[in-house]
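Work through the exercises below with the model open. Each task is followed by a solution in steps.

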Amino acid sequence: MNNLKLRASYGANGNDAVAGAAGGSYLTQAIVGQNVNYVIGTGQNIVNGQSQLALPSPDIKWEERYTTNVGLDLGAWDDRITLSTDYYISKTRNALAPVQVLTYLGHFGATLFQNAGDIENRGFELALGYHENKSAFTYGADFTLTTVKNEVTSLPVVGQVLEGGELLTRSEVGRSLGEFYLIPFDGIFQSADEVANYRNSAGTVIQPFASAGDVRYRDTNDDGRINNSDAVYSGKSIPNLLMGLNLNAAFKGFDLSVFFNSVSGNKIYNQARRDLESYAGPNNYNADVEPWSPENPSTSTPRLLQGGGSGDLGLAAASNSLFNTTRWLEDGSYIRLRNIQLGYTLPTSVTSKVPSLGSIRVYVTGRNVFTATDYTGFDPEITGTGFYSRGVDISSYPNVRSFTGGVQVNF
Amino acid sequence: MTTACEKDLLDQSNPNAPTKDNFWQNEADAVKGVYAAYSGLQQFAVYYRSWHFMAHRSDESFSASPFVELANFTRFIQPDVDFFISSFAWNDYYRTIYRTNQVIGRVPGITMDETLKKQLVAEAKFIRALSYFDMAYFFGNVPLILEEPSDVTARAPQVTQAETEVQMITDLQSAIPDLPLSYNDDQKGRATKGAAQALLAKVYMQQRKWAEASALFTQIAASNQYDLVPNYLDNFTDRNENNRESVFEVQFTGSVLEVGQGQDNGSASESHDRPNFFGPPGPTFADVQPRRWLLNAYTDSTVSFAPGSTTRHRIDPRRDISIIHAGNPDVFYGRTFQQWNWNPNQQYWRKYLNDRTRTDENFSSGINHRVIRYADVLLMQAEALAQLNQVSAALPLVNRVRTRVDLRPLTGNFTRESMLQAIYMERAKELAGEGTRWFDILRWGLMDNQAGIDELKTRDTDFNNFRLGVSKLLPIPRRDLGIDPNLKQNPGY
């Protein structure tokens, strides 16, 4: 053992990065709108009206982040093995967030910057390395692991729930930020008997308009019908485990490095799939749609029933195309070969023949070569649609796979 | 080196953008505040667009729109409680109310002409009452907010329909004495005493307080301000707006293009959007159409609830002004029904269209929306009198509406019940497509029991999906339910 260090740190910093127009703008004062006009008189002339339209954020301040760290650094066997572990607690107080404003207050706009509450992230970090660079063949491996437990610890109003992301997520005290809040998808009815026998505890047929091939939802509140009151917390959008593995080796001018990373424990709402497969309207469907039919009794895709019919057909179509259900929620875990690079540096015996030439290295690089995931959208590594809805995939442009070759010349 | 400064030096006001604390200073500010409140009525989800879709869920209309969620909305299928028609209405109505609350709270503190001050506050109270009228009968249990919120943490109590009615009555009773009987030409369109009396009477009508309503209608008639215009068509075009028949109109002009939902904060929209959706396919989106029974009612006395119909000496002229159909010989947007090659089994709304002056519709119609017109007042008075068993007093009012369009007056002996049925039929034909029918079938109790729903189903199969105790009210958007834990969703959603 050649290095052993016990570390502890505590830090506080501020952050004023509000998102939004002009790099983060917000109303500091109760501005009166200047062109709230109307039409008056026989000549139908436009007259100027003025009124306050939006509530301001007059007293917001920097959010504060307090980070506590306890860690251990260890090096052994001439630093061939390195280990660094940390337990961290990061508390954000007075988090600056675009808080949804009660509509009935008359506010123009949906959100307002506020110091909205406290958020805590805690977890464990580990970095384990093995490096052999004392011989001609050098190689090494670095493994990193981070666990995250994200929790909203306070909101301005007791009992408050912040809805987000097309109302697909909720944030409340004791939960992680922007957890999915959806009606549970419970498969496909395979027969009329299944429809008739799908009852709540009082004996009410829960989806009486359904037929074989329609979507079944779970009646979580046992009231004998499916509606928004059946939505339940359905998964987090923030992963609870992130891992990375970097491998490298070099021998006689050749060098190879490979980097994998992975994310797990999070869910993604696949909005593109919802738009293509919900059959809500006369829109495009995906080409390989395999709807339920008596011959093809799917357990995941309902019968092809376009919305707009009357009576039971209309109700069934509307029910099948419900958007706030776990039918569109998928596991967001993935492992990705993010980067691989192979290089060769020409020996100095060759390059030294040219005056003032330092070195020449040729290399090929592949990025995003390979991804293992069950997620069916373009890319599980999504940016999300906002503060409360980072797990909502609106088919943002995916990370591209690229292969590049290059020559590095130093003089 | 740094020096300290007074903290309030940092709170500077921008001379280009007055704030609530340095606005509301003088008479001009007060007038602008009231115009802004009126402007709330032009918003997307108020009379610009959503109101019409909400009101046309009644049995006179249906939707075959390819926008399925929209069509389903009019069929009482709304799996998404946040569907934009109703959720935007919740937003925009409360934005209007916010503007009225600013006027009502701030204007009394301004030093200015006292008569005008009272009038401005009364106008704001009228607009607030009109907003709550729609909220109460579309959403039912709504937050009653009567002051501008101090900040975002402000909350308002959720009240019942009956409690909202009490507030509307309070506002209108206090507004009536302070509103003028009429305005000069350059101010026409603002709320008059008659408008407030008529709206108050409409609240009483919904409460089935016939005597109270009738007394107000009597006052409106005695004011000598209103009459039926000779030409029925003058109620639905942009010529001859704010005429003698107009009790209250939301003003629109077609000269300013639409800019989008709730945009009345900057380059505002002053135009009306209804005709783009409520007309024939091609020139309009044809999202909402009249039911066939209504078309037939103008010629067919076998419609189930029309025992009062009499033979006509010719076709009811209101038919072809209200509805485009294969038998309507007029030219629409430059072509006849047959030249357009429209489906002869279909019929389309014609009221409020610009079909006589344009070749198609866009998002900027200039036609004012008639919220209350005198024919409606006369028929409501007839209904109130009939309910009070004053059948012989009711009959001439119905006949006044009929003879304006050259129809033969109804004659004969009416019972209270047969008089009411004749009035109901006359309302259907006179006010076809104007959106009043939602409030009518609500008042007539047809949405309160299975027998009523069964009757509505015979005219509009959309009512097959109507759920008693649920569908009468729209769902409250989820966002507010999440933020205000005391706010409760309407039953069944």
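Contact here means heavy atoms within 4.5 Å. The model is predicted.

**Exercise 1. Size the interface of chain A and chain B.**

Task: State how many residues each chain brings to the contact, and how much area is buried.

Solution.
Step 1. Count the residues on each side. Chain B gives 76 residues and chain A gives 61 residues.
Step 2. Take the area. The two chains bury about 5800 Å² between them. Carbon and sulfur atoms account for 58% of that area.
Step 3. Find the main contributors on chain B. Val152(B), Arg478(B) and Arg479(B) supply 14% of the area that chain B buries against chain A, more than any other three residues.

**Exercise 2. Describe the polar links and the makeup of the chain B side.**

Task: Which elements of chain B supply at least two residues each to the side that touches chain A?

Solution.
Step 1. Check the charged pairs. The rule finds 0 salt bridges across the interface of chain B and chain A.
Step 2. Check polar contacts. Across that interface, 19 residue pairs are in polar contact, both residues at pLDDT 80 or more.
Step 3. List the elements. In chain B they are helix H1 (27-40), helix H4 (68-74), helix H5 (84-106), strand E4 (246-250) and helix H18 (478-483).
Step 4. Pick the top one. H5(B) gives the most, with 7 residues.
Step 5. Sort by class. The side of chain B that touches chain A has 28 nonpolar, 24 polar and 24 charged residues.

**Exercise 3. Place a salt bridge.**

Task: Why does the salt bridge of Asp255(A) and Arg361(A) tie together parts that are 106 residues apart in sequence?

Solution.
Step 1. Start from the total. The whole structure has 53 salt bridges over all chains.
Step 2. Take the pair. The side chains of Asp255(A) and Arg361(A) meet at 2.7 Å, N to O.
Step 3. Locate both ends. Asp255(A) lies in strand E20 (residues 254-264) of chain A and Arg361(A) in strand E24 (residues 359-373) of chain A, so the pair links parts 106 residues apart in sequence.

**Exercise 4. Survey the empty space.**

Task: Give the volume and lining of the largest cavity and of the second largest pocket.

Solution.
Step 1. Count cavities. There are 8 of 30 Å³ or more.
Step 2. Take the largest cavity. About 90 Å³ of space lies in it. Its lining includes Val99(A), Gln114(A), Val152(B) and Ile483(B). By class, that lining has 7 nonpolar, 4 polar and 1 charged residues.
Step 3. Turn to the second largest pocket. Its volume is about 650 Å³. Of its 32 lining residues, the closest to the centre are Phe209(A), Arg225(A), Ile226(A), Leu315(A) and Arg467(B).
Step 4. Assign the pocket lining. Helix H4 (residues 311-320) of chain A gives the largest share, 4 residues. The classes are 16 nonpolar, 11 polar and 5 charged.

Definitions and conventions. Residues numbered from 1 in each chain as written. Chains lettered and ligands numbered in written order. Predicted model: local features only at pLDDT ≥ 70, side-chain atom pairs only at ≥ 80, totals over all residues. Heavy atoms only, no water. Buried area = accessible area lost by both parts, 1.4 Å probe. Salt bridge = Lys/Arg side-chain N within 4 Å of Asp/Glu carboxyl O. Polar contact = N/O pair within 3.5 Å; in protein donor to acceptor, adjacent residues only side chain to side chain. Nonpolar A, V, L, I, M, F, W, Y, C, P; charged D, E, K, R; others polar. 1 Å grid on protein atoms, 1.4 Å probe; cavity = no way out; pocket = protein on both sides within 12 Å on 5 of 7 lines; lining within 4 Å. Points joined across faces, edges and corners; volume = space filled by probe spheres on them.
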